[in-house]
Every structure is written in structure tokens, then in C-alpha cells.
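Me: I should like to work through this structure by question and answer. Please give the reasoning before each result.

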Amino acid sequence: FNVHPSLILSVGFLFKAARLRERIDSMLILREILSSPDWQWDVPAPMQSQGLPSWWNPRFHDAMLVQGVIKHGMGKWKLITSDESLIFAQKQEELDQRVCIKRIKKICTAYSSSLALKNEDKSGTDRVVKRRKSYRRATASKRSKS
């Protein structure tokens, strides 16, 4: 079975582009979470991540995790766990990077779901979708100008 190398490269590029778009969307949601005064740091029970350390307090440590990702970036786990302003530097047990990524995704999903329920407008389109579409339009117009 012969596959042209350019096809392999384009599939790899599409995968990386999709992952980048997912991270951008996640970062937008995380920034909104931090600025939302009424967000409760209670991720619904079915969304609890397995693999979290026994000391993990969702209400407190989820907020710290979001702050660390906003401050240092997604995937910068060594910086997040060694940051003295966050609680993770004081813990002896190492955090599993994959568990943290799943946790961030679950937090984003829970926030988006609660926001969609609260802010659904008369046309049935929720604010999160509108915000993402406007962001994508803005970035597309910036790319076309350059």
C-alpha cells in the first residue's frame, strides 16, 4: 500500500491544526472562567477525573490549575507545578500531565454547558458558540489581510 508523502504531511498538519484550535478554544474558555464571578468550581460528579491525587480538592485545586494554565500555558506542567504562587509546588506527589489535561477539558466542558444553559438566547444559539465564531472570523480576516 503506497501513500504519497505529501498526503501524510497534510493529514499530520490537519491533526496539529485541530489540536491548536482546541487549545485556543480552551484558553478562551479558561480566561472567561477566571473573569466570571459566579462560576462555581464544582465540576459535576460524572465529570470527576480519575487519577487525581488523594489530596485534590476540586473547588480549590481546579482554580489553581486553571490559573497555572493561563499563566504558563497548556502543557507547561513543570512550570505550573514549580510555581510558588500555586499550591502544587508544596505537594510532594507528582501530577500526571494526562490527568491534568483531561481535568482542564472537563472544566471547560462543564463551564460551557453551564453557560449555554444560562445564556441561551431566543434564537437558540448560545453565547459561547457566538464568541467562538466571532473569534474565528476575526482571525480569518487578519490572515487574509496579511
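Me: How many disulfides does the structure hold?
Reply: This is a predicted model, and a disulfide requires a pair of cysteine sulfur atoms within 2.5 Å. Cys100 is buried at 1% relative accessibility, and Cys108 is likewise buried, at 5%. The number of disulfides in the structure is 0.

Me: How many salt bridges does the count come to?
Reply: Side chains of opposite charge can pair when their charged atoms come close. The cut-off applied here is 4 Å between a side-chain nitrogen of Lys or Arg and a carboxyl oxygen of Asp or Glu. Among the pairs is that of Asp96 and Arg98, at 3.5 Å from N to O. By this rule the count of salt bridges is 4.

Me: With which residue does Lys105 form a salt bridge?
Reply: The closest N and O atoms of the pair are 3.1 Å apart. Lys105 belongs to helix 4 (residues 97-118) and its partner to helix 1 (residues 5-35), so the contact ties together parts that are 83 residues apart in sequence. Lys105 is partly exposed, with a relative accessible area of 40%, and the partner is also partly exposed, at 38%. The partner of Lys105 is Glu22.

Me: Is Asp83, which forms a salt bridge with Lys71, buried or exposed?
Reply: The closest N and O atoms of Lys71 and Asp83 lie 2.9 Å apart. This pair links distant parts of the chain, with Lys71 in helix 2 (residues 58-72) and Asp83 in the loop between helix 3 (77-82) and helix 4, 12 residues apart. Lys71 counts as exposed at 52% relative accessibility. Asp83, by contrast, has a relative accessible area of 10%, and under 20% counts as buried, so Asp83 is buried.

Me: In the salt bridge of Asp96 and Arg98, which residue is exposed?
Reply: A residue counts as exposed over 50% relative accessible area. Asp96, at 31%, is partly exposed. The other member has a relative accessible area of 60%. The exposed residue is therefore Arg98.

Me: What distance does helix 2 reach from its first C-alpha to its last?
Reply: Helix 2 has 15 residues, for which a span of 21 Å is expected at 1.5 Å a residue. Its buried residues include His61, Met64, Leu65 and Gly68, and the helix is followed by Gly73, whose phi is positive, near 110 degrees. The distance reached is close to the expected value, at 20 Å.

Me: How many aromatic pairs does the structure hold?
Reply: Two rings pair if their centres lie within 6.5 Å. One of the pairs is Trp55 with Phe88, whose centres are 6.5 Å apart and whose planes stand at 50 degrees, so this pair is tilted. The pair links the loop between helix 1 and helix 2, where Trp55 lies, to the loop between helix 3 and helix 4, where Phe88 lies, 33 residues apart. The number of aromatic pairs is 3.

Me: Which residues form one aromatic cluster?
Reply: Phe88 is buried at 3% relative accessibility. The rings of Trp56 and Phe88 have their centres 5.7 Å apart and their planes at 15 degrees, so that pair is stacked. Trp56 lies in the loop between helix 1 and helix 2 and Phe88 in the loop between helix 3 and helix 4, so the pair joins parts that are 32 residues apart in sequence. The cluster is formed by Trp55, Trp56 and Phe88.

Technical notes:
Residues numbered from 1 in each chain as written. Predicted model: local features only at pLDDT ≥ 70, side-chain atom pairs only at ≥ 80, totals over all residues. Heavy atoms only, no water. Helix = DSSP H or I, 4+ residues; strand = E, 2+ residues; numbered from the N terminus. Buried < 20%, exposed > 50% of the residue type's maximum accessible area, 1.4 Å probe, protein only. Expected span 1.5 Å × (residues − 1). Phe/Tyr/Trp six-rings, centres within 6.5 Å; stacked < 30°, edge-to-face > 60°.
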